[in-house]
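Here is a friendly walk through one protein fold, meant to be read with the viewer open. Please have the sequence and the coordinates at hand as you go.

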Amino acid sequence: MKNLGARRPLAWLLFASLLVGQAAGQSAQAAAAEANADHVLVMISVDGLAGYYFNDPKAEMATIRRLAAEGAVSSAMKSSEPTVTWTNHTTLVTGVSPARHGVIGNNYLNRQTRKSVTLIWDPIFDKDQIVKAPTLYDLAKAQGLKTAAIRWPATRNAKAIDWNSPDLGKDELVRQFTTPSLMEECKAAGYVLDDNGGPGDPKGRPFQSHDDMWTHVFVKILHEHHPQLGLLHIIDVDHTEHIDGPRSREAYEKIKIADEQVKEVWDELQKDFPGKATLLVVSDHGFSPIERGILPNVVLERAGLIELTNGKPTGGPVAWISQGGSAFIYVLDDSRRDEVVEKVREAFKGVEGVSKIVGVEEFPDYGMPNPKDDPHSPDLILFAGMGYNFGDTSAGAIPIDTKPERKGSHGHDPNLPDLHALFVAWGAGVRPGIKLGEIDNRSVAPTAARLLGIEMPNVEGKVLDAVLAPK
């Protein structure tokens, strides 16, 4: 009893200290929320809007160029490997590379089943199952800020987003995973939330693109709920470039429409948050025109590394998946790994369109995890040169398909200038008239956090101090 009595004051002291610490944390959170209550930071991603469009006179981007003139713009923004949507939208909100955040592509290979596991359009996994690093919206919510996201990749069931409709490829998933209150609000306002954007707006005007309705919904959230952080993903530029090619007439038309959607958000920010709004316009990757396709199944079968049945891979020590402009090669016989890797290298040496073969020893340079740490990661990466991408057919006796199904692609080496993305910042906290050189897209999240008045610890990107106005 005497010993218990001696320990009781210490236990109460520790308990009291814990309460004080919790109170201090809650007080800091409340103070941060109050300080930012009338400020909003919006990030709009125009998917596939290559950095080269900014100086292209055929690209009608009056709004984006005005934002850049009044704020800050980079000459180029380097994307993460692979230069695809799910990977880079996750980098944009985490400030770390795929090796850290875990979203290593639009898909990955299940080594046991030899089948591709799809991440794009969030058909299988919730955000917490695939994103391993803290996001901008996680930290904002932890500071008591309100958050919203429309069609932002890898956000299904994200607990830290108050108003959310993830980027989902099926109507039933849109209905299932859109925040219920947002679904009801949109229904009452006459919006039909589905992947195709519905027939038109509540006033009966036809939408110019799928993105029109989602932009209207995002503006509705800004106007009615005043979140402090909003994320909007505009997708039709990317879709059109895949079908018709970059720098095509159709792509330029979609770029003009996307610029109008940016203006719609900008107008709302100036109306409801005068002098208190920050707007970032970014993209996830650039684009390559596709003239010819590389067919790894043909190459691998010739080398005895893959078995095909009716044109489909069914065996062998190797499997692969396409990321468009790159191919992920997986060695499935670990006992022969080094031998098989060398055979793959030899098989693709000199193949037309293959610009580089990257081994695990180079993965840190590309921000990719070692497969020993993450089995979703490949053992080799093949990069296609500009004008090429990787297809999965085994038809034909040559490894080059002269009639690719699509005219544009991405996923290529992020060091290629045409795969660079766009970065523009405008508004509260942004120093006007700033022209940056090439930046890394891992710097977007910590810079956005600083503009929100919060910090992102342990990120790989650096705050873009030149963008920040003096306080």
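## A hairpin and its turn

Strands β3 and β4 form a hairpin with four residues between them. Within that turn, arginine 114 has a positive phi of about 65°. This is a predicted model, so please read every angle here as a property of the prediction.

The two arms of the hairpin, β3 (residues 107-110) and β4 (residues 115-118), run antiparallel and are joined by four bridges. If you would like one pair to look up, leucine 109 has serine 116 of β4 as its bridge partner.

## Backbone spots worth a look

Further along the chain, the loop between β4 and α5 (127-130) holds aspartate 122. Aspartate 122 is not a glycine, yet its phi is positive, at about 50°.

Where does proline 82 sit? Its place is the loop between β2 (72-78) and α3. The peptide bond that leads from glutamate 81 into proline 82 is cis, and its omega is near -5°.

## The eight-stranded sheet

Eight strands make up an open sheet with mixed pairing, and their order is β6-β5-β7-β1-β8-β20-β2-β21. At the edges are β6 (163-165) and β21 (434-440), each of which pairs on one side only. On average, neighbouring strands here are turned by 15° against each other, direction ignored.

Inside this order, β1 (residues 40-46) and β8 (residues 277-282) run parallel and share six bridges. One of the partnerships links valine 40 with alanine 277 in β8. Helix α9 (residues 210-225) packs on the sheet and touches β1, β5 (147-150), β6 and β7 (229-234). The direction of α9 makes about 170° with that of β7.

## The four-stranded sheet

Another open sheet has four strands in the order β13-β14-β16-β15, with antiparallel pairing. The edge positions belong to β13 (318-322) and β15 (354-359); each has a single partner strand, so one side of each is left without a neighbour in the sheet. Neighbouring strands in this sheet are turned by 20° against each other on average, again with direction ignored.

Four bridges hold the antiparallel pair of β14 (residues 326-331) and β16 (residues 380-384). Among the residues involved, alanine 327 is partnered with leucine 382 in β16. Helix α13 (residues 337-348) packs on this sheet, where it touches β13, β14, β15 and β16. Its direction makes about 170° with that of β15.

## Two helices side by side

How do the axes of α10 (residues 236-244) and α11 (residues 249-272) cross? They come within 9 Å and cross at roughly 180°. Angles over 145 degrees count as roughly antiparallel, which is why α10 is described as roughly antiparallel to α11.

On the α10 side, the contact is made by Asp236, Val237, Thr240, Glu241 and Asp244, while α11 brings Glu250, Ala251, Lys254, Ile255 and Ala258. Sorted by class, this contact has five charged, four nonpolar and one polar residue.

## The cavity

The structure holds one cavity of 30 Å³ or more. About 40 Å³ of space lies in the largest cavity. Which residues line the largest cavity? They are His89, Thr90, Val93, Val131, Thr135, Tyr137, Trp152, Pro153, Ala154 and Thr155.

Helix α3 (residues 85-94) gives the most to this lining, with three residues. By class, the lining has six nonpolar and four polar residues, and no charged ones.

Terms used. Residues numbered from 1 in each chain as written. Predicted model: local features only at pLDDT ≥ 70, side-chain atom pairs only at ≥ 80, totals over all residues. Heavy atoms only, no water. Pairing = 2+ DSSP bridges. Axes fitted to C-alpha atoms, helices over the stretch in contact; angles between N-to-C directions. Contact = heavy atoms within 4.5 Å. 1 Å grid on protein atoms, 1.4 Å probe; cavity = no way out; pocket = protein on both sides within 12 Å on 5 of 7 lines; lining within 4 Å. Points joined across faces, edges and corners; volume = space filled by probe spheres on them. Nonpolar A, V, L, I, M, F, W, Y, C, P; charged D, E, K, R; others polar. Parallel < 35°, antiparallel > 145°, perpendicular 65-115°, else oblique.
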